[in-house]
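Colleague: I'd like to learn how to read the side-chain contacts in a model like this one. Could you take me through it feature by feature?

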Amino acid sequence: MDDEDDEEYSRHRLGRKRSKKLFEKKAALEAAKKYADALDELAEILPSTQNTEDTVEQREMLDAVLRFLETLPKTQSDLFVRRYWRFSSFEDLAHDYGMTVNYVRVTLTRLRKRLQKYLRKEGLL
């Protein structure tokens with residue numbers, strides 16, 4: 001009876017380990033998709049940075065984005081930074097700021113458009 005219990009317990013632990021690994025793999029894939037989605041949203045307005053020799057231009061772009069963020073109210077700036085630098089999900093942002101997911105999406109869409117206009121004015125687009 002003890003050997004049967006030990007064998008059943010071992011199968012149970014093995015099943016739990018497999019389930020945990022599958023869960024972790026799924027969570028990692030979801031996190032990667034979240035990052036990719038956030039970067040895709042910014043890629044619509046920022047020029048490609050495939051050439052690594054353009055570090056001066058990249059720095060100018062980053063400085064311009066930071067200056068743009070300084071012009072925003074704190075909540076909007078925080079939403080932008082959390083979405084595009086920390087890759088927070090729309091759901092997390094909505095929860096943390098007491099907003100609806102749709103409100104967060106619309107706000108970030110408008111901020112991206114404003115950033116695009118700002119970068120054009122700065123001569124970077």
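Modeller: Gladly. This is a predicted model, and it holds three salt bridges, which makes a good place to begin.

Colleague: What is the general idea behind such a pair, and where does E122 come in?

Modeller: Side chains of opposite charge can pair when their charged atoms come close. Here E122 forms a salt bridge with R67, and their closest N and O atoms are 3.0 Å apart. E122 sits in the segment after α5 while R67 belongs to helix α2, so the pair ties together parts that are 55 residues apart in sequence.

Colleague: Are E122 and R67 buried, exposed or in between?

Modeller: E122 has a relative accessible area of 36%, so it is partly exposed. R67 also counts as partly exposed, because its relative accessibility is 35%.

Colleague: Which residue does D96 pair with in a salt bridge?

Modeller: D96 pairs with R82, with the closest N and O atoms 2.7 Å apart. D96 lies in helix α4 (residues 90-97) and R82 in helix α3, so this bridge ties together parts that are 14 residues apart in sequence. As for the surroundings, D96 is partly exposed at 45% relative accessible area, whereas R82, at 16%, is buried. The cut-off for buried is under 20%.

Colleague: And how far apart in the helix are D78 and K74?

Modeller: They are four residues apart in helix α3 (residues 74-84), which means about one helical turn separates them. Their side chains meet in a salt bridge at 3.0 Å, N to O. K74 counts as exposed, with 61% relative accessibility, and D78 is partly exposed at 23%.

Colleague: Let's turn to the rings. How should I describe an aromatic pair, and how many does the structure hold?

Modeller: A pair of aromatic rings is described by the distance of the centres and the angle of the planes. The structure holds four aromatic pairs. In one of them, the ring centres of F68 and F80 are 6.4 Å apart and the planes meet at 70°, so the pair is edge-to-face; the cut-off for that class is over 60 degrees. This pair links distant parts of the chain, since F68 is in helix α2 and F80 in helix α3, 12 residues apart. Both F68 and F80 are buried.

Colleague: Which residues do the ring pairs link into a cluster?

Modeller: The cluster consists of F68, F80, Y84, W85 and Y118. A ring can also have a charged group over its face, as with F90: R83 lies over that face, at 4.0 Å from the ring centre.

Colleague: Y118 makes me curious about α5. What span does α5 reach, and which of its residues are buried?

Modeller: Helix α5 covers residues 101-121, 21 residues in total, and reaches 30 Å from its first C-alpha to its last, close to the 30 Å expected at 1.5 Å a residue. Its buried residues are V104, T107, L108, L111, R112, L115, Q116, Y118 and L119. G123 follows α5 and has a positive phi, near 80°.

Colleague: One last feature, the surface. Which residues form a nonpolar patch there?

Modeller: L62, L66 and W85 do, with about 250 Å² of accessible area together. L62 lies in helix α2 (residues 55-70) and counts as partly exposed, because its relative accessibility is 31%. W85 is worth a second look, since the ring cluster includes W85 too.

Methods. Residues numbered from 1 in each chain as written. Heavy atoms only, no water. Patch = residues over 30% accessible without salt bridge, like charges linked within 9 Å, V, L, I, M, F, W, Y side chains within 5 Å. Areas by Shrake-Rupley, 256 points an atom, 1.4 Å probe, with all protein chains shown as cover. Salt bridge = Lys/Arg side-chain N within 4 Å of Asp/Glu carboxyl O. Helix = DSSP H or I, 4+ residues; strand = E, 2+ residues; numbered from the N terminus. Buried < 20%, exposed > 50% of the residue type's maximum accessible area, 1.4 Å probe, protein only. Expected span 1.5 Å × (residues − 1). Phe/Tyr/Trp six-rings, centres within 6.5 Å; stacked < 30°, edge-to-face > 60°. Lys NZ or Arg CZ within 6 Å of the ring centre and 35° of its normal.
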